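Let's take a walk through this model together, starting from one local detail and moving out to the whole fold.

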Amino acid sequence: MKKNVSVRDYSMILALLGIWLFFYFMNPNFVGFGNLANLAIEFSIASVLALGMLLVLLPGEIDLSVGSGVGLTGGIAVIAIAAGWPAWLAMLVAFLAGLAIWYGIGKLITSQKMPSFIVTLGGLLIFKGIFWQTINYETIPTKKDAQPNAMSEIQDYAFSTVMSFLIFAIVAALLFYLMRKRRAALKEYGFELDSFDGDYLKTFVIIQALLLVTVLMTNNKGLPLALFILGLVACFIHVLTKNTPFGRYLYAIGGNREAAVVSGINVDKIVTIAYVILGGLVALTGFMQTAYLGSSTTTIGELMELDAIAACVIGGTALSGGRGSVGGVLTGALIMASLINGMALIPYCADNPAITYIVRGAVLVLAVWVDVKFSKKK
């Protein structure tokens with residue numbers, strides 16, 4: 001079975017190139033080493049949350065509370081650090097809190113048959129209120145007495161040049177191995193293979209892109225830890241969705257929930273697990289976002305749920321479920337991160353936050369419109 005290449009895949013790449021060219025002409029600093037390093041971190045933060053959103057969109061659910069959750073889990077961690085806890089223990093407690101909260105959300109949706117839109121909309125308001133009460137409307141730094149800790153290092157740490165290229169070499173070798181393994185598996189089960197040259201070329205292009213990123217990052221401080229974390233999360237979600245029964249169940253539930261139930265899939269359990277994993281990624285995003293800003297404030301996580309949904313839909317994930325991929329989500333997240341980063345470099349946009357809101361909203365509406373049109377054609 002040959003994979004059908006969607007025109008949409010290329011249109012997103014062209015849109016990304018167009019966005020980068022536009023911001024380059026508006027402000028050449030957009031492609032400066034320092035700004036690209038910042039963009040890499042912002043892209044990493046947005047992508048981790050969007051990959052979590054992918055897991056609940058695949059079975060046809062949604063989560064509007066993740067933005068508030070990002071602020072809440074990051075706030076719990078910095079409060080514990082400020083109280084003298086070791087940073088690793090503070091983050092562990094906040095991480096477990098994220099898992100527990102989203103387990104509750106998943107159970108509420110599945111056991112009470114409540115719409116996920118309503119449950120998570122309520123969660124958005126509840127978590128924001130608890131978050132503001134937790135930090136008492138103050139700005140709390142991630143570093144106690146200005147001392148670096150495990151949480152602040154998420155933003156500050158970068159691998160040395162040697163380690164950066166070593167990581168690149170390992171990833172490149174892994175990509176070639178996975179390409180050859182995938183071809184061997186397709187051949188074993190009798191599926192028609194794409195040409196070896198075509199698969200080799202696609203893998204080569206991806207590796208060249210990763211090499212370019214590595215060179216750019218080493219010309220600044222080195223490969224950021226945040227980008228490394230994103231790589232681990234992306235691999236985990238890719239394997240989970242493409243190579244496990246759990247992943248196949250997510251697609252099956254989103255494709256036809258009734259058929260999934262009839263075929264014996266425990267839909268409630270699978271959806272609840274998807275929410276639990278999302279909770280863990282919300283907490284991880286909370287640490288990354290709070291570390292990036294250097295403190296926990298009332299504005300952390302604002303509108304991040306909409307950016308995550310937009311990234312998924314732009315990348316080809318269907319809001320009705322059953323369709324989506326890690327590669328698509330990463331492309332969508334890079335488009336959203338590039339828009340936000342680029343607008344911050346244009347003085348008129350930076351001085352008028354309303355413009356940023358309008359653009360983000362318009363992109364979300366456009367992405368959903370494209371999704372509706374694409375679904376009808378299917």
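Find helix α8, which spans residues 196–218: Y200 and F204 both sit in it, 4 residues apart, or about one turn of the helix. This is a predicted model, so keep that in mind as you look around. Y200 counts as partly exposed because its relative accessibility is 38%, and F204 is partly exposed as well, with a relative accessible area of 36%.

How do aromatic rings get described as pairs? The distance of the centres and the angle of the planes describe such a pair. The structure holds 10 aromatic pairs. In one of them, W132 and Y137, the ring centres are 6.0 Å apart and the planes meet at 50°, so the pair is tilted. Its two members differ in accessibility class: W132 is partly exposed at 29%, while Y137, at 52%, counts as exposed. Back in the helix, the rings of Y200 and F204 have centres 6.2 Å apart and planes at 10°, which is under 30 degrees, so this pair is stacked. Elsewhere, ring pairs join W20, F22, F23 and F30 into a cluster.

Now step back to the whole protein, with its 16 helices and 2 strands. Its radius of gyration is 21 Å, close to the 21 Å given by the globule rule for 378 residues, so the protein is as compact as a globular protein of that length. Of those 378 residues, 47% count as buried. Among contacts between residues at least 6 apart in sequence, 79% join residues at least 24 apart. On the outside, the accessible surface comes to about 18500 Å², with 69% belonging to carbon and sulfur atoms.

Conventions. Residues are numbered from 1 along each chain as its sequence is written. This is a predicted model: local features need pLDDT of at least 70, side-chain atom pairs count only at pLDDT 80 or more; totals for chains, interfaces and linings use all residues. Side-chain values use heavy atoms; hydrogens and water are left out. The radius of gyration is taken over C-alpha atoms; the globule rule is 2.2 Å times the number of residues to the power 0.38. Buried means under 20% relative accessible area, exposed over 50%, partly exposed in between (1.4 Å probe, protein chains only). Contact means heavy atoms within 4.5 Å. Accessible areas come from the Shrake-Rupley method with a 1.4 Å probe; for residues, only the protein chains shown count as cover. Rings of Phe, Tyr and Trp (its six-membered ring) pair if their centres lie within 6.5 Å; planes under 30 degrees apart count as stacked, over 60 as edge-to-face and the rest as tilted.
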